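I opened the model to look up how the protein meets the DNA. My notes follow.

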Number of protein chains: 2
Amino acid sequence: MGVTLKQLAASLGLSPTTVSRALNGFPEVSAATRKRVKEAAIRANYHPNTRAKSLATGRAQAIAHVIPVSTSHEIVNPVFADFIAGAGEVYSHSGFEMVLRIVDDADESQAYRDLVARGTVDGVMVHGPRTHDSRVELLSKLGVPFLVHGRTSSVNAPYSWIDINNQRSFHRATQFLCDFGHRRIALVNGMSDMDFAVRRRNGYLQALEAAGIPPDPVLMRHAEMTEPYGYRTAQELIQLPDPPTAYLASSMIVAYGLRRGLSDLGVTPGRDISIITHDDELSYLPNDGDVPMFTATRSSVREAGKRAAQMLLKLVASPESGPLTELMETSLVLGASTGPAPVRS
Amino acid sequence: MGVTLKQLAASLGLSPTTVSRALNGFPEVSAATRKRVKEAAIRANYHPNTRAKSLATGRAQAIAHVIPVSTSHEIVNPVFADFIAGAGEVYSHSGFEMVLRIVDDADESQAYRDLVARGTVDGVMVHGPRTHDSRVELLSKLGVPFLVHGRTSSVNAPYSWIDINNQRSFHRATQFLCDFGHRRIALVNGMSDMDFAVRRRNGYLQALEAAGIPPDPVLMRHAEMTEPYGYRTAQELIQLPDPPTAYLASSMIVAYGLRRGLSDLGVTPGRDISIITHDDELSYLPNDGDVPMFTATRSSVREAGKRAAQMLLKLVASPESGPLTELMETSLVLGASTGPAPVRS
DNA sequence: GCGCGTATCCAAAGCGGTTTGGAATATCCG
DNA sequence: CGGATATTCCAAACCGCTTTGGATACGCGC
């Protein structure tokens, strides 16, 4: 319930026009007056009303992040938290607000329409794109600036996105394992309709092919990335007649599960078996130190959030600056979880 | 970019007044007209502009969640994600927007002042209260409805909060371990300035005292709750001359770390040693099944988010409904990680 | 001293809704 | 049928800000 511009103006014996201009740095006001106004504004703890301002300017000064949560498995992907933390930092510095929508992926399209029609935000961040995702098309049609965290293969028309090089990462990781003599490599992936999962699988398959190893469907798993999923998968696979000697995990959480599943059976990663995981550098699951626990394809999702926010803000400021895209490479970090394939006895 | 009320009214040959009233359910409009208006609104995909509406009504229809992120350790507490998912669901159904502020805890108070002075939101959710926390006092002074997720011991005046019974939970857990014959029980807690950590420690200490066990400072640890913290702590403590036979962890993440630290040394939880953890029911770390992996004090943080949002909305609707408080009890769930204390040899 | 450009300020019209205070029409009753 | 009472609709003010299009005063050169 702060002071209004009108009140501030009255208390200074000036018009609202002049006060507004003084505060917003317009040239039509004398230096002396500007100083007087600015001081008074601080003294009165004046902050312009966001709604009035954006109604007048037509800019909402806000970005929406729409987080899909499927009612079926109710999983909140933990990478959202860190991504959003990164993005939020950027918004704060730019005077933008972040509005978050948790939305059932059934009525997702309605959420976007609504957001745009009501003029709540100037731009939209799209999370968790699937291989076939109608959102990109919808948002293009709606004509609102948007940026996708990830990509979707179903769309040919250009759009803005930021992504890590999933295919290359998993290609490298797989190749690394092959070079170590592994020939039975399991892929413990995320949900199969997620775009990142498909790209990672492609990288994996290509590397296998290059190494002359025929892929085995039994070794390729897809599911929501929980810790127990890793655990269960490790124990199932290890009991195969021809078990894998190496595992490729799509997230640290899954990798932890794998590790636990294996070590509960007396199998030690790095010695008996190899694990490589993708590491988003989540703050509470650091995989660092002199020798990180896991060999990993590493890329900070928090950093991605920062970049994404910067890109989207640029897009909002000048939509004509065209589709912006950024493909971030990951680094392959050597940790303690990999080693040469055990020699067949 | 949607249709405006004025345009819609013109297309119907009515005044904006009538259209507004028809859509908002006021009685001064005939049933026939209302029907005609509503249909036209749907056909034209009309959604009232949020900013204009809230400027006119004085209500922002939005709630702020302020997430403190200390620049020093940059940890994003993973419970935020699930809490927010729960709250967001409620807001969606009530037509409220959720605005998220990621804020360096240094300039936190400025964030609150700003949010209120600009009239961006109608209410504020306070996350991560510390034992001594000036935010409650600040927000009371600012006169904005707010609700704290957790409590702060430094404030005597009444305020609204929702919390789990941390003290009782850890009292019960400790007592349970004592009943099993454990006398060396480690507490692997969160940061010592967090209010929840203090309450848990109090519960722990009281139970020890009741059991006639003198507390040992060496067994009481405080730090940011990461997995490696659990790992490190487990390995440090196990090497003491008089090592603990049981561990009490403040989060699943820490418990995973403990487990890994112990099993790497060949110590098996549930047989050689006991672990009880608090379980927030994070979606990607489920601790369920016939026999959950960890014995735990369980309480869904997502459910807490829902309740919290409902309470805050009630507070916004009628501030005079006074401070609202809710203390949620946890359930002590028996899992595979506990057992009787090993007999001294 | 006059005309002109410039510096400084202001009145008023939006932005897109809601809401107050009528006005016009329909309904009712004696 | 006339006047009182509902019913139904509308014009205009307002929410708090920005911004266009002047108005006023000042300094300057001639």
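I took a polar contact as a pair of N or O atoms within 3.5 Å; within protein, one must be able to donate a hydrogen and the other to accept it, and residues adjacent in sequence count only if both atoms are side-chain atoms. The model is predicted: local features need pLDDT of at least 70, side-chain atom pairs count only at pLDDT 80 or more, and totals for chains, interfaces and linings use all residues. Residues are numbered from 1 along each chain as its sequence is written, chains are lettered from A and ligands numbered from 1 in the order written, and side-chain values use heavy atoms, with hydrogens and water left out.

**Phosphate contacts**

I checked B:Ser20 and found a side-chain N or O atom 2.5 Å from a phosphate oxygen of DNA strand C. On chain A, I looked at the backbone. A:Ser15 places a backbone N or O atom 2.8 Å from a phosphate oxygen of strand C. For A:Ser30, a polar backbone atom is 3.1 Å from a phosphate oxygen of that strand.

**Surface near strand C**

Which elements give two or more residues to this surface? I listed H2 (16-23) and H4 (50-57) of chain A, and H2 (16-23) and H4 (50-57) of chain B. Helices here are DSSP runs (H or I, at least four residues), numbered from the N terminus. H4(B) gives the largest share, four residues.

I counted a residue as near if one of its heavy atoms lies within 4 Å of the strand. There are 27 residues around strand C, and A:Ser15, A:Arg21, B:Leu5, B:Ser20 and B:Arg21 come nearest. Sugar and phosphate make up 54% of the strand C atoms that come within 4 Å of the protein.
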